[in-house]
Amino acid sequence: MIPYGRQSIDEQDVAAVTAVLKSDFLTQGPQVPKFEKAVADYVGAAHGIAVNSATSALHIACMALGLGAGDRLWTVPITFVASSNVGLYCGASVDFVDIDAQTLTMCPKALEAKLSAAASSGSLPKVLVPVHLTGRSCDMIRISALAREYGVHIIEDASHAIGATYDGSPVGDCRYSDITVFSFHPVKIITTAEGGLATTQDAALASAMELARSHGVTRDPALMTGPSEGGWYYQQVAMGYNYRMTDLQAALGVAQMERLDALVARRRDLAQWYHTALANLPLTLPTFESDATSAWHLYVVGLNDPSQRRNKADLFDRLRARGIGVNLHYIPVHLQPYYRTLGFNPGDFPISEAYYEAALTLPLHPGLSQDDLNTVVRVLSEELAD
Ligand SMILES: *Cc1c(COP(=O)(O)O)cnc(C)c1O
């Protein structure tokens, strides 16, 4: 099976992890701050807080922004469930803004209408989580202008988008947000096996996230309520979790960061190749934007033919049976049974639901060979012609 995504591990990565295994610290050593600095410097953020997953990063970001009971978090239906679950972790309620049919990300018009209605009924969200689906930034200029107008915080879910740029600067510099979150799961752009990281320009948010990732405990006298009682002393000054990244993971991350630009360039080349090779099939293909450079985490095509959309499950099975590891990103979150129990229904977010009917993710990762690519296109052409 040609998988839709796969990690790229070289000898330098293996050596970096092995070196940590033979060192004094497997966790809470020097590699985590080194990785945090590598990512923060790359994206141009003052602070980077590494954790054990992007889900944890989203959670501590919500905590740092003070999201709690009685508050609201809004995200989009076309995302992984983690983007909205973190609102529920905090005791907040969750709602969604529909996507734009072209960009597949949060629709600024839908956001404007929903914010305006929420302002009238006194139900504005505290936190907005736009998702840079497939690695391409949302329209952050318009989204952040609206968020500022209505006093809403923004956490960018850039799980797909490390190495992407927007408006001439790296995704993650938080020019249009409070906090940006990255994922390092093996299918993403770079990996630490499991792992995530939050960037911010705000020292207070960084400090709050550092506390939240490690039990709310500090050894920093400046954060304590009173004088130290001795060399052993620490204080728990907030609620927190054990969301720490290990040094093994961080060392892998440091090594992977050195190849980030090359990995993204390779993904872009593959996407460009698909763009030409698939041009004559009955598919809607992703576009290449001039104002933003995608990290090309996913290559999502849309089925143009209504009967092929209706029979997508069958097409999916036939492609899988022939070794093409197609996938689907994502099932609209509001249609998940758990979210249905919270009151969401089919029809609530029609653009997202139409996207779900048409979308198909093709294999895209740096290890794809020319043979793999040819096979994907040949088999897809044959199955679409049936
Ligand atoms: C992968 C992903 C997450 C969760 O990342 P983990 O590191 O697996 O916790 C959250 N949001 C989106 C959009 C993702 O793709």
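The domain assignment divides the protein chain of this predicted model into domain 1 (11-257) and domain 2 (260-385). The C-alpha centres of domain 1 and domain 2 are separated by 26 Å. In the contact between the two, 37 residues are contributed by domain 1 and 32 residues by domain 2.

The ligand is surrounded by 14 residues, among which Thr55, Asp157, His160, Ser183 and Lys188 come nearest. By class, this shell comprises four nonpolar, eight polar and two charged residues. Polar atoms of the ligand are paired with side-chain atoms of three of the nearest residues, as follows. For Thr55, an N or O atom of the side chain lies 2.5 Å from an oxygen atom of the ligand. An oxygen atom of the ligand is likewise found 2.7 Å from an N or O atom in the side chain of His160. In the case of Asp157, the ligand atom is a nitrogen, at 2.8 Å from an N or O atom of the side chain. Taken on its own, the ligand has 380 Å² of accessible area, of which the protein covers 92%.

A search of the whole structure for cavities of 30 Å³ or more returned two. The largest cavity has a volume of about 70 Å³. Its lining is formed by Ser137, Met140, Glu156, Tyr166, Ser169, Pro170, Val171, Gly172, Asp173, Arg175 and Tyr176. Five of the lining residues are nonpolar, three are polar and three are charged.

For the second largest cavity, the volume is about 40 Å³. Arg6, Gln7, Ser8, Lys188, Ile189, Ile190, Thr191, Gln256, Leu263, Arg267 and Pro366 make up the lining of this cavity. The lining of the second largest cavity divides into four nonpolar, four polar and three charged residues. The second largest cavity lies between domain 1 (11-257) and domain 2 (260-385), because both domains give residues to its lining. Lys188 appears in two of these descriptions: it is one of the residues that come nearest to the ligand, and it is also among the residues that line the second largest cavity.

Key: Residues are numbered from 1 along each chain as its sequence is written. This is a predicted model: local features need pLDDT of at least 70, side-chain atom pairs count only at pLDDT 80 or more; totals for chains, interfaces and linings use all residues. Side-chain values use heavy atoms; hydrogens and water are left out. On a 1 Å grid over the protein atoms alone, a cavity is a set of points where a 1.4 Å probe fits but cannot get out, and a pocket is an open set with protein on both sides within 12 Å along at least five of seven lines; lining residues have an atom within 4 Å of a point. Grid points are joined across faces, edges and corners, and a volume is the space filled by probe spheres set on the points. Ala, Val, Leu, Ile, Met, Phe, Trp, Tyr, Cys and Pro count as nonpolar, Asp, Glu, Lys and Arg as charged, and the others, Gly among them, as polar. Domain bounds come from an automatic or database domain assignment. A residue is near a molecule or strand if one of its heavy atoms lies within 4 Å of it. A polar contact is a pair of N or O atoms within 3.5 Å; within protein, one must be able to donate a hydrogen and the other to accept it, and residues adjacent in sequence count only if both atoms are side-chain atoms. Accessible areas come from the Shrake-Rupley method with a 1.4 Å probe; for residues, only the protein chains shown count as cover. Contact means heavy atoms within 4.5 Å.
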